[in-house]
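Me: I would like to learn how to read the features of a structure one at a time. Please give the general idea where there is one, then the case at hand.

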Amino acid sequence: VTPLAVTITAPTTASLTYNGQVQTQGAATSSPAILTNDLVTVSGAASGKNVGVYVSNLAVSGVDVSNYTFNFVNKNITITPYIVVPGATTGPKLVAAANNKVYDTSTVATGSLAMTDLFQGDSVAANYASAAFASPNVNALSSPQTVTFSGVTLSGAAAANYSIGSGAITATANITPAPVTISGLAAQNKMYTSTNP
């Protein structure tokens with residue numbers, strides 16, 4: 001009696017999106033199938049949490065493994081970053097805030113970015129290279145201007161697990177009038193003439 005040749009194949013898995021949890025490949029298949037009532041356990045499915053490529057390392061154990069010869073076909077799983085869509089209202093979000101400023105003839109703006117509702121245990125900071133008002137001019141306080149942030153990047157221990165999606169990253173703020181100081185005025189004395197000038 002010779003051992004039965006069996007090929008154990010890991011499943012082909014579509015790319016998985018990072019979700020803060022360990023994700024594992026599905027069950028391997030046997031061809032031909034392990035005979036009923038034989039005790040053979042297949043292990044070594046690919047598994048990972050962070051963004052990256054993980055390869056299976058199939059192996060077998062059990063009292064009946066000596067009745068078979070095994071050929072293993074290992075396959076990968078790929079975990080891709082969670083895409084943070086600007087303006088999203090659910091899941092991990094990018095929140096922008098802009099500062100009001102006094103009119104200075106430029107559109108240069110300042111503000112802050114923050115990542116909120118991250119997956120448990122994650123730490124990610126958002127940074128920007130520049131920010132700009134839509135116009136350099138003073139606006140009505142009831143109609144704040146749009147401030148657009150550019151050059152946005154992520155940093156922090158879990159930053160590689162997230163990516164910023166397409167779309168403008170904006171907030172609103174006001175440009176208020178610049179104060180003007182008038183100095184050097186002088187009045188001239190005059191003789192009474194019954195008129196103001």
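**Reading a predicted model**

Reply: Start with Gln145, which sits in strand 17, residues 145-150. Keep in mind throughout that this is a predicted model.

Me: Is Gln145 buried or exposed?

Reply: Its relative accessible area is 8%, so Gln145 counts as buried, the cut-off being under 20%.

Me: What does the side chain of Gln145 reach?

Reply: A polar atom of that side chain lies 2.8 Å from the backbone oxygen of Asn137. The side chain of Gln145 also has a polar contact with the side chain of Asn139, at 3.4 Å. Leaving aside neighbours within four places in sequence, the residues in contact with Gln145 include Phe133, Ala134, Ala171 and Ile175.

Me: Next, sheets. In what order do the strands of the sheet containing strand 1 run?

Reply: The general idea is that strands of a sheet pair through backbone hydrogen bonds, either parallel or antiparallel. Here, 3 strands form an open sheet in the order 4-1-9, with mixed pairing. Strand 4 (29-31) and strand 9 (68-73) are at the edges with a single partner strand each, so one side of each has no neighbour in the sheet. From one strand to the next, the twist averages 25°.

Me: In which sense do strand 1 and strand 4 pair, and over how many bridges?

Reply: Strand 1, residues 4-9, pairs with strand 4 in the antiparallel sense over 3 bridges. Within this sheet, Ile8 stands opposite Ser30 of strand 4.

Me: Which strands make up the open sheet that includes strand 10?

Reply: That open sheet has 3 strands in the order 2-10-7, and its pairing is mixed. Strand 2 (16-17) and strand 7 (52-55) are the edge strands, each pairing on one side only. Strand 2 and strand 10 (residues 76-80) run parallel and are joined by 2 bridges. Leu16 has Ile79 in strand 10 as its bridge partner.

Me: Now charges. How many salt bridges does a search of the whole structure find?

Reply: The general idea is that side chains of opposite charge can pair when their charged atoms come close. The search of the whole structure finds 2 salt bridges. One of them joins Asp117 and Lys93, whose closest N and O atoms are 2.2 Å apart. Asp117 is in the loop between strand 14 (111-116) and strand 15 (125-127), while Lys93 belongs to strand 12 (residues 93-98), so the pair ties together parts 24 residues apart in sequence. Lys93 is buried, with a relative accessible area of 14%.

Me: Which side chain meets Lys101 in a salt bridge?

Reply: The side chain of Asp104 does, at 2.8 Å from N to O. Asp104 is partly exposed at 38% relative accessible area, whereas Lys101 is buried at 14%.

Me: What is the nearest side chain of opposite charge to Asp64?

Reply: It is Lys75, 26 Å away; Asp64 is buried yet has no salt bridge. Asp64 lies in the loop between strand 8 (59-61) and strand 9. Its side chain reaches the backbone nitrogen of Leu39 at 2.6 Å. Apart from neighbours within four places in sequence, Asp64 is in contact with Asn37, Asp38, Leu39 and Val40.

Me: Asn37 appears in that list. What is the sign of its phi?

Reply: Phi of Asn37 is near 75°, a positive value in a residue other than glycine. Asn37 is in the loop between strand 4 and strand 5 and is exposed, with a relative accessible area of 72%. Pro32 is also placed in the loop between strand 4 and strand 5. The peptide bond from Ser31 to Pro32 is cis, with omega near -10°.

Me: Where is Thr105, and what is its phi?

Reply: Thr105 is in the loop between strand 13 (101-102) and strand 14. Its phi is near 75°, a positive value in a residue other than glycine. Thr105 counts as exposed, at 59% relative accessibility.

Me: Last, which residues are in contact with Thr24, leaving aside neighbours within four places in sequence?

Reply: They are Ala45, Ala46 and Ser47. The side chains of Thr24 and Ser47 are joined by a polar contact of 3.2 Å. Thr24 is in strand 3, residues 23-24, and is partly exposed at 48% relative accessible area. Thr24 and Ser143 are 119 residues apart in sequence and 51 Å apart in space, C-alpha to C-alpha.

Technical notes: Residues are numbered from 1 along each chain as its sequence is written. This is a predicted model: local features need pLDDT of at least 70, side-chain atom pairs count only at pLDDT 80 or more; totals for chains, interfaces and linings use all residues. Side-chain values use heavy atoms; hydrogens and water are left out. Helices (H or I, at least four residues) and strands (E, at least two) are DSSP runs, numbered from the N terminus. Buried means under 20% relative accessible area, exposed over 50%, partly exposed in between (1.4 Å probe, protein chains only). A polar contact is a pair of N or O atoms within 3.5 Å; within protein, one must be able to donate a hydrogen and the other to accept it, and residues adjacent in sequence count only if both atoms are side-chain atoms. Contact means heavy atoms within 4.5 Å. Two strands pair if DSSP finds at least two bridges between them. Axes are lines fitted to C-alpha atoms, for helices over the stretch in contact, and angles run from 0 to 180 degrees between N-to-C directions. Lys and Arg count as positive and Asp and Glu as negative; His and the chain ends are not counted. A salt bridge is a side-chain nitrogen of Lys or Arg within 4 Å of a carboxyl oxygen of Asp or Glu.
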